[in-house]
Amino acid sequence: MLFNSYQFLLVFLPLVLLGFGALSRWEARRPMIGFLVAASLLFYGWWSWHYLALIAFSVGFNYAWAEGVRRLAALPGSGGRAASSGFLVAGVAVNLGLLGYFKYTGFVVETVNRVTGTTWPLPRIVLPLALSFVTFEQIIYLVETGRDPARRYDFLEYCLYVTFFPRLIAGPIVRPRELFPQLRDPDAFRFSASSLGTGLFIFAVGLFKKTVLADTFAPWADRIFDGAASPQFFDAWGGALAFTLQIYFDFSGYTDMAIGLARMLNIGLPENFDSPYQARSMIDFWRRWHITLSTFFRDYVYVPLARSRLGGAYLALLLTMLLVGLWHGAGWMFLVWGAFNGGLLILNTRWRRTGIVIPEGMAWALTFFATVVGFTLFRSGSLARAEDILAGLAGLHGFAWKPALYSFGRHEWKRLLPALALVLWCPSRQVVMQRSWSSDWAYAAAFGFLAGLSFLRLGNPVPFVYFQF
Amino acid sequence: MRSTPVRRLRLMGICFLGALALATVTNRVADPYGIWRAQAIDDAYRRLHDDRLSRPYRLLRERPVTVLLGNSRVAWGMPVAGAASDGVFNAALPGARLDDIEALADAATQQPQVKRLVWAIDLALVESSLKASPPEEVEALRDRLQGSRSLMITEALLSEAALADSWRVMQRLADSFLGRADLALPRTVAWSPERLRADLTSLVHGGAPTRDESALGRELVEWGSWYRRYRFDEGSWMRALTLAATARSRGVEVVIVLLPMREYELEAIRQTGRWELYQQWKRRLLEVGPYWDFSGYGAVARMDELYPDLVHIHPAMGHVILRRLLDEDCRACGETAQRILATGVWVDEPSIDAHLRRQDAMRVAREQEPSRYAEVVARYLDDDPSRRTSEAQFAGP
């Protein structure tokens, strides 16, 4: 069930809100958590009931494993601590193994076939929805349990932590310390008109980003990236910018919807985007783009690697970004994208050490240019296609205004440029929401416009880009 | 009034519902797809923007006697205002594939008042490399042909695309009302001889704007690539035969027509080595039944003013042909109309050999006589692979 579908908006969400409202009157915490877990499983099972068993196994396994880590750590002496660490590593390995099997088996077999000339059949393994996000959250839980074994949460709370439907499919990635305290807050799960109103507004912003903006740009980007012709300068820039906008509006739209939905249920989720295209450096960009994934990799991959002194901070950075790329998909272009970003981050770090300051405007332009080039690599299906489009961006295929039938014309540019201005100069949704709205009518009218126009575009719901990751 | 969260929530609800109500009322009144039988705006202003959406509903609603079937060559080449104003309804869809045509023909011939199908066929109908209509789109088309109310609501009332089309309809109406342009289509089907004479005269003698060569070249690259990889699909052919047989078994006359082709397209067929296949295809077309052929080499193929682009015909030419197909007199349609009508050949078993021989002779003559058509096509159909389009890109007619 997509957030941008009639089933979700007209049936599922109203029923959940009604149930939430009814249960909040009784102030019954555990039934409320049970209700939200059941709703979340229904939400997930709507796609495929088959994968419910997998997610149930994953949740049960990780909770039990974390208990094992806790008990081993409680054993007296250093032996318990060492056993706990080993147990923890094994648990992380099982999670990564499961993710690896579903996500990377085909990629590995294909690569081996290509390199060695073997002809092993490619396995038909379907990646279960949300597995990447669910796995990461459970790894976080295991690691946090290892770091602080004294902290304990009950199974029902844990189930909600993993399956909470607003962020189950594509994040934001939540850490235990961000969610569990809220579940134990006496005010949690209390119906609030203020939270509902704010949540609805945030949700409407996200729905607008997805249905009105991202879904408009998607076919234009497809036209250029999936086409066979070598794009000339304006076509290449049109396609690259369209995808740069599409992926931002699509994913940040999803995140806004997730945050808005959780807010309606009185639960706060971490922000995932902070006007990333206004970044003044690549380091700055990665602090603003998919924040919860960046911080996950920073804390659980980069920092341990850098501390291990295996190859220094730069190698750790490069490896981390390669893994970030690989996390996005089993494909060489994702690895290239990760390496590209890793290289830029190293360059950025070294540049900072020189103490030379670049003027702000130029810093922004360079960063945005690098981002567009990076997303061109990300979206291109192959290295050859990426080269073709990058050559187009450089004008190596010519500068004709409308060189092909499937090109960018005035119609496309007239819509692309205002959206570009929106992400480059306007304040983020968080900043806008924090301002006090002096007029209820203005607030309501803005909501009516965003939600109304988005609702009118629900006829053919398009899945979110990040669902595939 | 004091701001409270509850008041704000109420206002949000009011504004949201108000926005939806405004859109719904606008779409209901403007009725851009002609679904709701709205009387406020004449059908003639509804130049169907989303044919795939509106034509199925209107096919059900307007209860025509004659139904036109085909792809964009028919949809744009024989525009019919007000759908069934004279009992003729244009159910052709741009980019229509056999799946779509089967669904439309089935729905049409199940209506008892439908007596005749005019089916414009071209090579695209039975080609296997051409991308089929996505199954979900064919499914939606079938649902519309069954009069799905839920689709009518989500597609024609609570729809931003419908709202944009409503706006276009109202703009057209306003332009017409203010005298800025006469944007309504003629209401008679086929268009009156006077209208046709005036239109054709203005096209041929009035210096109708012709497309620049680079635009033509882009189309030639596309179509040339497609003709190069053309594969006749026997399975589709059998389905086409079944379609015609089913319609006839329901008491509906099936009139087959091949619409005029511009000499550039004929040259593309010849220069990609598909001429023989095209001739054989015309012979096999008799399995469907006798047909009108306007498509070969001849004077009309070189009258560039009558074609807005590489493969489509001007509506005035389309309506001249429609007059012939509907057995309506066109003697007062003017000299150009007579030349168009003279191109049409009634092809049946006794006449097929002579017809194909004539076309072959013209083809040989074209090969021997240098022409700008052959030269332009050769220039754009060179063998540079980077200039070819892929299967995924080609949308077809």
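This is a short chat about a predicted model, with chain B, its contact with chain A, and one residue of chain A as topics.

Trainee: What should I know before I start?

Mentor: The model is predicted, so local features need pLDDT of at least 70, side-chain atom pairs count only at pLDDT 80 or more, and totals for chains, interfaces and linings use all residues. Residues are numbered from 1 along each chain as its sequence is written, chains are lettered from A and ligands numbered from 1 in the order in which they are written, and side-chain values use heavy atoms, with hydrogens and water left out.

Trainee: OK, chain B. How many helices and strands are there?

Mentor: Chain B has 16 helices and 6 strands. Those are DSSP runs, numbered from the N terminus: helices are H or I, at least four residues, and strands are E, at least two.

Trainee: What share of chain B is buried?

Mentor: Of its 397 residues, 57% are buried. Buried means under 20% relative accessible area, exposed over 50%, and partly exposed in between (1.4 Å probe, protein chains only).

Trainee: And its span?

Mentor: The C-alpha trace of chain B spans about 90 × 50 × 45 Å along its principal axes.

Trainee: Now the contact with chain A. How many residues does each chain give?

Mentor: Chain B gives 26 residues and chain A gives 29 residues. Contact means heavy atoms within 4.5 Å.

Trainee: How many salt bridges are there between them?

Mentor: There are 3 salt bridges between chain B and chain A. Each needs a side-chain nitrogen of Lys or Arg within 4 Å of a carboxyl oxygen of Asp or Glu. One of them joins the side chains of Glu160(B) and Arg457(A), at 3.2 Å, N to O.

Trainee: Which helices of chain B supply at least two residues each to that side?

Mentor: Helix H1 (5-30), helix H7 (160-177) and helix H9 (213-228) of chain B each do. H1(B) gives the largest share, 12 residues.

Trainee: Switching to chain A. Where is Thr135(A)?

Mentor: Thr135(A) sits in helix H5 of chain A, residues 131-147.

Trainee: Is that residue buried or exposed?

Mentor: Thr135(A) counts as buried because its relative accessibility is 2%.

Trainee: What does Thr135(A) contact, leaving aside neighbours within four places in sequence?

Mentor: Thr135(A) is in contact with Asn95(A) and Leu99(A).

Trainee: And what about its polar side-chain atom?

Mentor: A polar atom of the Thr135(A) side chain lies 2.6 Å from the backbone oxygen of Leu131(A).

Key:
Polar contact = N/O pair within 3.5 Å; in protein donor to acceptor, adjacent residues only side chain to side chain.
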